[in-house]
Amino acid sequence: MSDRPSPSSPSHSQSSSKPGEKEWALAGGRMRVVSHGKKKPSDTYMVLQLEFTFDHDPRPRKVALPYNDPSFKGALGLINTHLERFLKLEKCEPKDTLKFFPDFLNQEVIKYQERLDREGTGDRDSRPSKEFSRPSIEKVGKRRYMCAGESDVFDLSRGGIKLSEGELSDLPFKISYNGPQVHYKTDNKEAIEILMRIISNGNKMQQNEEFYSFPLGP
C-alpha cells in the first residue's frame, strides 16, 4: 500500500511532494513553521519559529530553531531538549528517526515558503526577532515593558497597561515567546482588594495591635 497521499484528498502539503516522494508527518502531534527572521540585522543566520501541538496537550508550544545549517543536522536534539520530550515520525522506525527528521523539517520549511508565496510577502514583518523564555522586563528608550507572551506585553511606564495590537506592531522588534504561559490582569480595583486582604490576613496574625499593618512584630 502506498504511503503517498491520495490524489482525491487535496492538501497544501501535496504541492511540496512529487510522485514517489515520502510525505513525512509527526507522530502524536503536529508541527508547522510560523515565522522566520534574524534576531539582529547583522546576524549571518535566521531563526525559524516552530509551533508544536500534541494530541495529549493541544496547547501550542514554540521552539526557536537557528537556521545556521540547512541540512538540519542536530536539529532533532535541540528540539527534543527544548520540548523535554522525544519526537518521532509516523511510519518510521524509531532507529531511523534521526536519519529522516531533517527531511521532515525541510518538507515543512518548503510548505511554509509556498504558503508565503501564495499569501504574498509584502506585509511580512521584517523587524528583528527577540526571544523570551520566561516573563521578562525589556527596556526600549525610556520605557520598560514586561513581555509575558507574544501578545501579552505590558507598558510598566504607564502603570502596566497592556499593549494593543497596533502598539505591539510599533515596537522595534517582534516577540518570540516560548516560555510558560502566564496570564496577567491590569485591574486596579482587584489589585487593591487583594492588597487589602493581604494586610487584613497579616493583622490577624499579629499578637499585638501595635503592629497592625506592619510585618509581623516580635
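Which residue in S7 is the bridge partner of Met-146? Phe-154 is that partner. The legends below refer to a predicted model, starting with the whole chain and closing in on single residues.

**View 1. The whole chain, with four helices and nine strands.** The predicted chain has 218 residues, and buried residues make up 32% of them. From the N terminus, the elements follow the order β-β-β-α-α-β-β-β-β-β-α-β-α. Take the contacts between residues at least 6 apart in sequence: 49% of these join residues at least 24 apart. The exposed surface of the chain is about 14,700 Å². Carbon and sulfur atoms supply 52% of that area.

**View 2. The open sheet of three strands, S1-S2-S3.** The strands pair in antiparallel fashion. S1 and S3 are the edge strands; each has a single partner, so one side of each lacks a neighbour in the sheet. Direction ignored, neighbouring strands are turned by 20° against each other on average. S1 and S2 run antiparallel and are joined by eight bridges. One point to locate on this pair is Gly-37, which stands opposite Val-47 in S2. Strand pairing of this kind works through backbone hydrogen bonds, either parallel or antiparallel.

**View 3. Two helices against the three-stranded sheet.** H1 packs on the sheet and touches S2 and S3. The direction of H1 makes about 140° with that of S3. H2 lies across S1, S2 and S3. Relative to S1, H2 runs at about 60°. The strands in this view are S1 (29-37), S2 (46-54) and S3 (57-67). Helix H1 covers 75-83, and helix H2 covers residues 97-119.

**View 4. Helix H2, end to end.** H2 has 23 residues. At 1.5 Å a residue, these should span 33 Å. The end C-alpha atoms are 32 Å apart, so the model agrees with the expected span. After H2 comes Gly-120, with a positive phi near 90°.

**View 5. The buried residues of H2.** Which residues of H2 are buried? They are Thr-97, Phe-101, Pro-102, Phe-104, Leu-105, Gln-107, Glu-108, Val-109, Lys-111, Tyr-112 and Leu-116. Among them are the charged residues Glu-108 and Lys-111. An α-helix has 3.6 residues a turn, so residues three or four places apart point the same way. The buried residues of H2 pack against S1, S2, S3 and H1.

**View 6. The crossing of H1 and H2.** The two helix axes come within 9 Å and cross at roughly 90°. H1 is therefore roughly perpendicular to H2. On the H1 side, Ala-75, Leu-76 and Ile-79 make the contact. On the H2 side, Thr-97, Leu-98, Phe-101 and Leu-105 take part.

**View 7. Thr-97 and its surroundings.** Is Thr-97 buried or exposed? Thr-97 has a relative accessible area of 5%, so this residue counts as buried; the cut-off is under 20%. Thr-97 lies in helix H2. Leave aside neighbours within four places in sequence, and the contacts of Thr-97 are Leu-76, Leu-87, Lys-88, Leu-89 and Cys-92.

**View 8. Two positive phi values in the loop between H1 and H2.** Glu-84 lies in this loop, as does Lys-91. Phi of Glu-84 is near 60°; phi of Lys-91 is near 55°. Both values are positive, in residues other than glycine. Most residues other than glycine have a negative phi. Where do the two side chains stand on the scale of exposure? Glu-84 is exposed, with a relative accessible area of 73%. Lys-91 is exposed too, at 63%.

**View 9. The open sheet of four strands, S5-S6-S7-S8.** Pairing is antiparallel in this sheet. S5 (136-140) and S8 (161-162) stand at the edges. Each has a single partner strand, so one side of each is left without a neighbour in the sheet. S6 (residues 143-147) and S7 (residues 153-155) run antiparallel, joined by three bridges. The pair from the opening question sits here: Met-146 with Phe-154 in S7.

Technical notes:
Residues are numbered from 1 along each chain as its sequence is written. This is a predicted model: local features need pLDDT of at least 70, side-chain atom pairs count only at pLDDT 80 or more; totals for chains, interfaces and linings use all residues. Side-chain values use heavy atoms; hydrogens and water are left out. The expected span of a helix is 1.5 Å times one less than its number of residues. Buried means under 20% relative accessible area, exposed over 50%, partly exposed in between (1.4 Å probe, protein chains only). Contact means heavy atoms within 4.5 Å. Two strands pair if DSSP finds at least two bridges between them. Axes are lines fitted to C-alpha atoms, for helices over the stretch in contact, and angles run from 0 to 180 degrees between N-to-C directions. Accessible areas come from the Shrake-Rupley method with a 1.4 Å probe; for residues, only the protein chains shown count as cover. Angles under 35 degrees count as roughly parallel, over 145 as roughly antiparallel, 65 to 115 as roughly perpendicular and the rest as oblique.
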